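Visitor: I would like to learn how the words used for a protein model are justified. Could you take me through them slowly, setting each value against its rule?

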Amino acid sequence: MNRFPSYVHDHDSCIAYALSSAEIVCKRRGVRLTNLRRRVLQLIWDSHAPIRAYDLLEKLSSTSAADCNKRSRFAPQTVYRALEFLIQQGLVHRIESLNAFVGCVEPKQNHMGYFLICQSCGTAQEFANGVVNQVLRYYANDVYFQIKCITIEVSGLCANCLNSTTK
């Protein structure tokens, strides 16, 4: 399991890995990772903190304007369609409690979304745990419940924020 992402690390490698993984996943599935979808994914990976759709829209418009020396406006539907595609392909997760989006750390594998979310800095860490899956499936089977999707969001403080409050 990865350490919580708020520690100092080479974030450019996170972004590069996410984008190259997205290319591989889309190619295998025969779907197109358009320039817009790729740019939205890159903006999501610019931070380990979940980002809201309208913040993506603002960033997308401002970076596009800077690249083209003109003001480009994107409709909210454009961003939502890109997000829908990225979620369907397992490249992005929606953090329901925050109504925000975060990049998937294991896009090549189908898995459930479990997240630790720091209430102070807003950083989120995705983790996978087979034991959690087993327990949930056991209880669901016991009551004849068919699981379609599991997302678990746990709020608390990351080590960096916890250490800064105890100093």
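Visitor: Why is Y80 called partly exposed, rather than buried or exposed?

Guide: The relative accessible area of Y80 is 38%, and the rule calls a residue buried under 20%, exposed over 50% and partly exposed in between, using a 1.4 Å probe and protein chains only; Y80 is therefore partly exposed. This is a predicted model, in which local features need pLDDT of at least 70 and side-chain atom pairs count only at pLDDT 80 or more, while totals for chains, interfaces and linings use all residues. Residues are numbered from 1 along each chain as its sequence is written, and side-chain values use heavy atoms, with hydrogens and water left out.

Visitor: What makes Y114 and F127 an aromatic pair, and why is the pair called tilted?

Guide: Rings of Phe, Tyr and Trp (its six-membered ring) pair if their centres lie within 6.5 Å, and planes under 30 degrees apart count as stacked, over 60 as edge-to-face and the rest as tilted. For Y114 and F127 the centres are 5.5 Å apart and the planes form an angle of 40 degrees, which makes the pair tilted. Y114 belongs to strand β3 (residues 113-118) and F127 to strand β4 (residues 124-127), so the pair ties together parts that are 13 residues apart in sequence. Both residues, Y114 and F127, are buried.

Visitor: How do you know what to call a helix or a strand, and how many of each does the chain have?

Guide: Both are DSSP runs numbered from the N terminus, with H or I over at least four residues for a helix and E over at least two for a strand. By that rule the chain has six helices and five strands, arranged along the sequence as α-α-α-α-β-β-β-β-α-β-α.

Visitor: What makes the charged end of R37 sit "over" the ring of F85?

Guide: The rule asks that NZ of Lys or CZ of Arg be within 6 Å of the ring centre and within 35 degrees of the ring normal. The charged end of R37 is 3.7 Å from the centre of the F85 ring, and R37 is counted as sitting over that ring.

Visitor: Why is the phi of Y144 worth pointing out?

Guide: Most residues other than glycine have a negative phi. Y144 is not a glycine, yet its phi is positive, at about 55 degrees. Y144 is found in the loop between α5 (130-142) and β5 (151-156), and because its relative accessible area is 79%, Y144 is exposed.

Visitor: Which residues carry the feature "binding site", and how far does the group spread in space?

Guide: UniProt, in an unreviewed entry, places "binding site" at C118, C121, C158 and C161; its positions are given in the numbering used here, feature names are shortened, and annotations may be inferred rather than shown by experiment. These residues are spread over 44 residues of sequence, but they cluster in space, with a largest C-alpha distance of 8.2 Å.

Visitor: How do C118 and C121 fare in accessibility, and what is C121 in contact with?

Guide: C118 lies in strand β3 and counts as buried because its relative accessibility is 3%. C121 is in the loop between β3 and β4, and at 35% relative accessibility C121 counts as partly exposed. Contact means heavy atoms within 4.5 Å, and, leaving aside neighbours within four places in sequence, C121 is in contact with C158 and C161.
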